[in-house]
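Trainee: Could you take me through this structure, one question at a time?

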Amino acid sequence: MSVSTNGLWTLFYIPQAGLLVLFAYIYGPVLLSILARPLLKKLIWPNLASAPVGPQTPTQNFLIIIPAHNEASVLPTLLKSIQALQYPANLVKAWVVADNCADNTVELARTYGFNCLERHTDRPSNKGQALTYGWQNLKNDPFVVDKSPIILLIDADCELAPAYLQALNRAFSRPNSPQVLQSFRAISNYQSSSVSTLDAAAEALRQWVELGSRYLLGLEGRICGTGVGFQPAVFAYLMELQQHNLAEDKAWQASLFKPNYRVGWCPAAHLSTPSTENSDDFKKQRRRWVSGQLSLIKMYAAPMLKQGLLRANLSQLDYALSILQLPRSFMLGLGGLFGLMALIVPQSGLVACWAWWLLTGLFFGYAAYGLFLIKAPARLYLRLLKAPLLVGQVFWLTFRGLLGGKVKNWEAMRVSSTENTVELTNVNQSIVVDSVVVDSN
C-alpha cells in the first residue's frame, strides 16, 4: 500500500477515534452507576426525617421564578404543588413571568393567588429574555433585598414533590455548599406514548448516570434548565450577562467557570415534568435543542478545553466534552456507517465492523437500562422498536443544523388540554409515592 493511500485511511481514522472516545464517555459512567447503584438509591430517596444531611429546621428563603409562555394548560398543576409544599410559607415567594402570552396564563396565576409579571414585545422572545426581564423587576423587591433568597427557576409545566424545598434547604445549608444546585427531574407521563417513554428513559439516564456518576467522582453537576437553584449573587451575575441562547442552561454553566462558581446536584429534591407525546412536537423540540447545542460548540468548546487544561480543572474539561458530545442519534448513525465501511473495505476501519455494530447495538441496552430505572412495565420495552425512527429524525435535524439551519423562537412543547393536565398530575403523584415510600427500582 502506498504512503498516499495510508494517509487517506488516516483521514478516516481520525473521526473514528473521536467517535470511540464519545462512546467511552457515555458507557463509562453507565458502568459506574450500575456498580454504585445502592449508594445512588440512598442519595435519590433518602429518609428526609432522619438523614443527617443538613439542618432539620428550615433556614433558607426561596424566590421561585416561573417563566411562562402560553402555559394555561399546565400551570395549575405547578401552582397547586407549590401551595402544597411542606415548607414555611413565609420563607417562600413565587412569581410567574408571563412572556408574550396569548392565553389566560396571567389570569390563572392571579386566580391561584400568585404574583405575576407581564411582558409584551413586538417580536418573539425566549426563556432567557423572560428571565432577564423578571430579574430586572424583582431584584429590588423587599423580599429579595432583605431576605437574600435562593433563586429557584421552575418551568411552568413542572410539579414539585411536597418535600422539595426541604431537600434544597438542607443541601444549600451544608458547609461549603455549591453556589448552584440542580434538582432531580423525572418525566411524569412516561406511559403516554413511545416518544414520552423514550424521553423518560433518557431523563432517568441523565439523572442516575450522568449526574450520579459525576457526583460520585467529585465533579461538578449539570444545569438542566428547570429545577435549578442559585445563590442570589450568582443569579444576578448571570442575568447581567444577558445570554439568550436556546440552550441557556449550558451557556450559564460555561459562564460560571470563570468566577469559580460551583454547580452541584441535589438528588433528594424531586420534581416531575411532562414530555412531548408526538413526533411533530418531538421534532420541534429537538430542532431547538440541536440549534442551541451547535451554537454552544462554536462559542465555548475550544475556550473551555483550553482553560480546563491550563487550570487542570477536570469539571471544566468534562463540561467541554459534554457540549462536544454529538446527539446519541447522530452517534448511532455514524457508528453504523463506519461499521459498513469496515465491512466493505476492512482497511478503512479503525476497529472491525463487528466492534462498531456492538457499540451501536449497546445503545439499545443503554435505553433499556433507562426504562429499568423508571420501573417501566414490560410492555413498554416494546417501544424501543420506535427508537430507530426517532434516531433517524434527530440525525437529520443534526445534519441540517450543521448546514446552518437555526431556530430562534421560544415554542412551548406540551400536552395541550386541561383534561390531559389532570391526567398527568395523577401519574406524577404515583411516581412520587413510589419513589419516596416504596423505594422504587
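Trainee: Is the crossing of helix 9 and helix 10 left-handed or right-handed?
Mentor: This is a predicted model, in which local features need pLDDT of at least 70, side-chain atom pairs count only at pLDDT 80 or more, and totals for chains, interfaces and linings use all residues. Residues are numbered from 1 along each chain as its sequence is written, and side-chain values use heavy atoms, leaving out hydrogens and water. A crossing is left-handed if the near helix is turned anticlockwise from the far one by less than a right angle, and right-handed if clockwise. For helix 9 and helix 10 the crossing is right-handed.

Trainee: Which residues make the contact between helix 9 and helix 10?
Mentor: Contact means heavy atoms within 4.5 Å. Helix 9 contributes V234, Y237, L238, M239 and L241, and helix 10 contributes W252, S255 and L256.

Trainee: At what angle do the axes of helix 9 and helix 10 cross?
Mentor: Helices are DSSP runs of H or I with at least four residues, strands are runs of E with at least two, and both are numbered from the N terminus. Axes are lines fitted to C-alpha atoms, for helices over the stretch in contact, and angles run from 0 to 180 degrees between N-to-C directions. The axes of helix 9 (residues 232-241) and helix 10 (residues 248-257) come within 11 Å, and the crossing is at roughly 110 degrees.

Trainee: How many residues of helix 10 are buried?
Mentor: Buried means under 20% relative accessible area, exposed over 50%, and partly exposed in between, with a 1.4 Å probe and protein chains only. Among the buried residues of helix 10 are W252, S255 and L256. Helix 10 is mostly covered, and its buried count is 9 of 10 residues.

Trainee: In what order do the strands of the sheet lie?
Mentor: Two strands pair if DSSP finds at least two bridges between them. The sheet is open, has 8 strands and shows mixed pairing. Its strand order is 3-2-1-4-7-6-8-5.

Trainee: Which are the edge strands?
Mentor: An edge strand here pairs on one side only. The two are strand 3 (115-119) and strand 5 (159-160).

Trainee: Which residue of strand 8 stands opposite Q182?
Mentor: Strand 6 is largely enclosed by the rest of the structure, because 8 of its 8 residues (180-187) are buried. With strand 8 (residues 263-273), strand 6 pairs in the parallel sense over 8 bridges. Opposite Q182 in strand 8 stands W265.
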